[in-house]
Amino acid sequence: MSGVKLKRNVLNVKQKLEILQKLDNGESASTDAGDLPNEGNTISHSAALQSVEILLVYMGQRGFDYGDITAVRKICVDIRQEMNKQQKQRRITEFLKQ
């Protein structure tokens, strides 16, 4: 596949925060893609988690309020819990297929 360029969506901070808020509210990441350019793309929980962790570093460097940082950390915890729940569900599904 050399020479083939893949198109990537580059989300701005506002779009990332909107996605994270929706994930935090229990909404599916796949439904979020319709709000973004290039409809049909989705963001994985791991990509969302990485974005939030980068945001935490930025907030720490800029001296954001402790309460704001704590709220963003809660989003990280929620994303990890959702990832673990989905991983457990995949394991159960795979086990039942055997």
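Select Ile54 and Gln61 on helix H3. Both are exposed. They sit on the other side of H3 from its buried residues. Keep in mind that this is a predicted model.

Now select those buried residues of H3. They are His45, Ala48, Leu49, Ser51, Val52, Leu55, Leu56 and Met59. Turn the view until you look down the axis of H3. The buried residues fall within an arc of 160 degrees, so they line one face of the helix. A general rule helps here. An α-helix has 3.6 residues a turn, so residues three or four places apart point the same way.

What covers this buried face? Show helix H1 (13-24) and helix H4 (66-97). Both are among the elements that cover the buried residues of H3.

Next, select the whole of H3, residues 45-62. The helix has 18 residues. From first C-alpha to last, H3 reaches 25 Å, close to the 26 Å expected at 1.5 Å a residue.

Step just past the end of H3 to Gly63. This glycine takes a positive phi of about 70 degrees.

Zoom out to the whole protein. Colour by secondary structure: there are four helices and zero strands. Along the sequence the pattern reads α-α-α-α.

Now colour by burial. Of the 98 residues in the protein, 24% are buried. Switch to a surface view. The protein exposes about 7,700 Å², and carbon and sulfur atoms supply 52% of that area.

Last, display contacts between residues at least 6 apart in sequence. Of these, 52% join residues at least 24 apart.

Note on methods: Residues numbered from 1 in each chain as written. Predicted model: local features only at pLDDT ≥ 70, side-chain atom pairs only at ≥ 80, totals over all residues. Heavy atoms only, no water. Helix = DSSP H or I, 4+ residues; strand = E, 2+ residues; numbered from the N terminus. Expected span 1.5 Å × (residues − 1). Buried < 20%, exposed > 50% of the residue type's maximum accessible area, 1.4 Å probe, protein only. Arc of directions from axis to C-beta. Contact = heavy atoms within 4.5 Å. Areas by Shrake-Rupley, 256 points an atom, 1.4 Å probe, with all protein chains shown as cover.
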